[in-house]
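User: I've got a model open and I'd like to talk through how it is put together. Can we go over it piece by piece?

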Amino acid sequence: MGVRPRARAAARRRGQHPDAGPHRISERRDRRFDPVVRDRAPARLPVVGVRRGYPHPLTCPSGGRNALDDLRFADLISKIAHELRSPLTSVKGFSATLVKRWDRFTDDQKLQFVQTIHSDAERMGRIVSEVLDLARLESGRLELHRTEVDLSAIAHKAAEHLRDLPGADRVKVEIEDGFKAFADAERLQHVLGNLLENAIKFSDEGDIVVGADRHDGTVHVIVADAGIGIDPDRLPAIFSGPAPAGQRSGPSGSGLGLYLTKRLVEAHGGEITVDSKVSKGSTFTVTLPAAEHAS
């Protein structure tokens, strides 16, 4: 359709070609009229660059460096979903039961239901926090707030958060009060929580001992159990994240726990090692800088 005569005349007054294309007149606050040209196809923006590789499959939504990365990323998402599904199902089930049959339960039963819901909600919160920390680590945006921390207090808090797990009563903290290290208290508690949760899940009996000592300006935090142990062929890859598709994961929860633990320890300038024997148990040792004024 051609340009109307009045629009053609207005275009000439503005020094524009009357057949430059369809125009839409918009009125601005200063009451002046300006044409807004509507292109028939959106303009293409110039491509500055394309990143074809990712340092880790968690940061790669698609593509990746190779098919193995894609498989590991898909396996990672599957494991996260599986870990969240279990507590979520519990929360939905117990809460729905309370809503529909509130009057059928005693006060003690109701309290037990609510405590279970609370415990599973905390578990989901820990999983989400774990995934967020891992994403920050992979993108280099994790900030640590390191101070002198009391290792005994942190170990007790980590054990307290796991109190509802069967076997949590076997955890024994053997760290003297006032034993200091230089670390981010929240992240160190997360590290110990991951190690304790693994020890509880993969041991049926025997004490789970948390200890600490000093050596050459460093602090060694030790978590030892008498559980099922780790196969020797799994030890080299125990901190490498989720097992490849089709391979069973060892003691590492969702496959994220020990990988995240290693990354958090390394972010502190420390290291983590493991000594394990099948059917005898495992001992994880976290080495951290000692507190600046530790005696």
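What follows is a run of questions and answers on this predicted model.

User: How many helices and strands does the protein chain have?
Analyst: Let's begin with the overall count, keeping in mind that this is a predicted model. Of the 295 residues in the protein chain, buried ones make up 38%. Among contacts with a separation of 6 or more, 65% are between residues 24 or more positions apart. As for the elements, the protein chain has six helices and nine strands.

User: What is the strand order in the open sheet of five strands?
Analyst: The pairing in this sheet is mixed, and the order reads β4-β6-β7-β9-β8. Its edge strands, β4 (171–174) and β8, each pair on one side only. From one strand to the next the twist averages 20 degrees. So that the order is plain, here it is once more, cited with its pairing: mixed, β4-β6-β7-β9-β8.

User: Which helix packs on the sheet, touching β4, β6 and β7?
Analyst: The sheet we just went through is the open one with five strands. The helix that touches β4, β6 (208–215) and β7 has a direction about 170 degrees from that of β4. It covers residues 151–161, and its name is α4.

User: In β9, what is the bridge partner of H220?
Analyst: Start with the strands: β7 and β9 run antiparallel, and seven bridges join them. Within that pairing, H220 has its bridge partner in β9, and the partner is T287.

User: And on the β8 side, which residue of β9 is the bridge partner of T273?
Analyst: Strand β8 (residues 271–277) and strand β9 (residues 281–289) run antiparallel too, with seven bridges joining them. In β9, the residue that bridges to T273 is T285.

User: What phi does S279 take in the hairpin of β8 and β9?
Analyst: The hairpin has three residues between its strands, and S279 lies in that loop. S279 counts as exposed because its relative accessibility is 58%, and the cut-off for exposed is over 50%. S279 is a residue other than glycine, yet its phi is positive, near 70 degrees.

User: Is D216 buried or exposed?
Analyst: D216 sits in the loop between β6 and β7. Its phi is positive, near 50 degrees, in a residue other than glycine. With a relative accessibility of 70%, D216 counts as exposed.

User: How many of the 17 residues of α5 are buried?
Analyst: Helix α5 (residues 185–201) reaches 24 Å from its first C-alpha to its last, close to the 24 Å expected. At its N-terminal end D184 acts as a cap, with a side-chain oxygen 3.1 Å from the backbone nitrogen of E186. The helix is mostly covered, and the number of buried residues is 14.

User: Why does R187 count as buried?
Analyst: R187 lies in α5. Leaving aside neighbours within four places in sequence, R187 is in contact with D133, R136, L142, E143, L144, L264 and H268. The cut-off for buried is under 20%. R187 counts as buried because its relative accessibility is 10%.

User: At what angle do α3 and α5 pack?
Analyst: α3 passes α5 in a left-handed crossing. The contact is made by R126, S129, E130, D133 and R136 of α3 together with R187, H190 and N194 of α5. Their axes lie 12 Å apart, and the packing angle is about 120 degrees.

User: Which elements do the buried residues of α6 pack against?
Analyst: The buried residues of α6 are G257, L258, Y259, L260, T261, L264 and V265. After α6 comes G269, with a positive phi near 80 degrees. The buried residues of α6 pack against α3 (107–139), α5, β8 and β9.

User: How far apart are the C-alpha atoms of S240 and L260?
Analyst: S240 is found in the loop between β7 (218–224) and α6 (257–267), and its relative accessible area of 32% makes it partly exposed. A237 is in that loop as well, and A237 lies 9.6 Å from Y259, C-alpha to C-alpha. S240 and L260 are 20 residues apart along the chain, and their C-alpha atoms are separated by 9.2 Å.

Methods:
Residues are numbered from 1 along each chain as its sequence is written. Side-chain values use heavy atoms; hydrogens and water are left out. Two strands pair if DSSP finds at least two bridges between them. Helices (H or I, at least four residues) and strands (E, at least two) are DSSP runs, numbered from the N terminus. The expected span of a helix is 1.5 Å times one less than its number of residues. Buried means under 20% relative accessible area, exposed over 50%, partly exposed in between (1.4 Å probe, protein chains only). A polar contact is a pair of N or O atoms within 3.5 Å; within protein, one must be able to donate a hydrogen and the other to accept it, and residues adjacent in sequence count only if both atoms are side-chain atoms. Contact means heavy atoms within 4.5 Å. Axes are lines fitted to C-alpha atoms, for helices over the stretch in contact, and angles run from 0 to 180 degrees between N-to-C directions. A crossing is left-handed if the near helix is turned anticlockwise from the far one by less than a right angle, and right-handed if clockwise.
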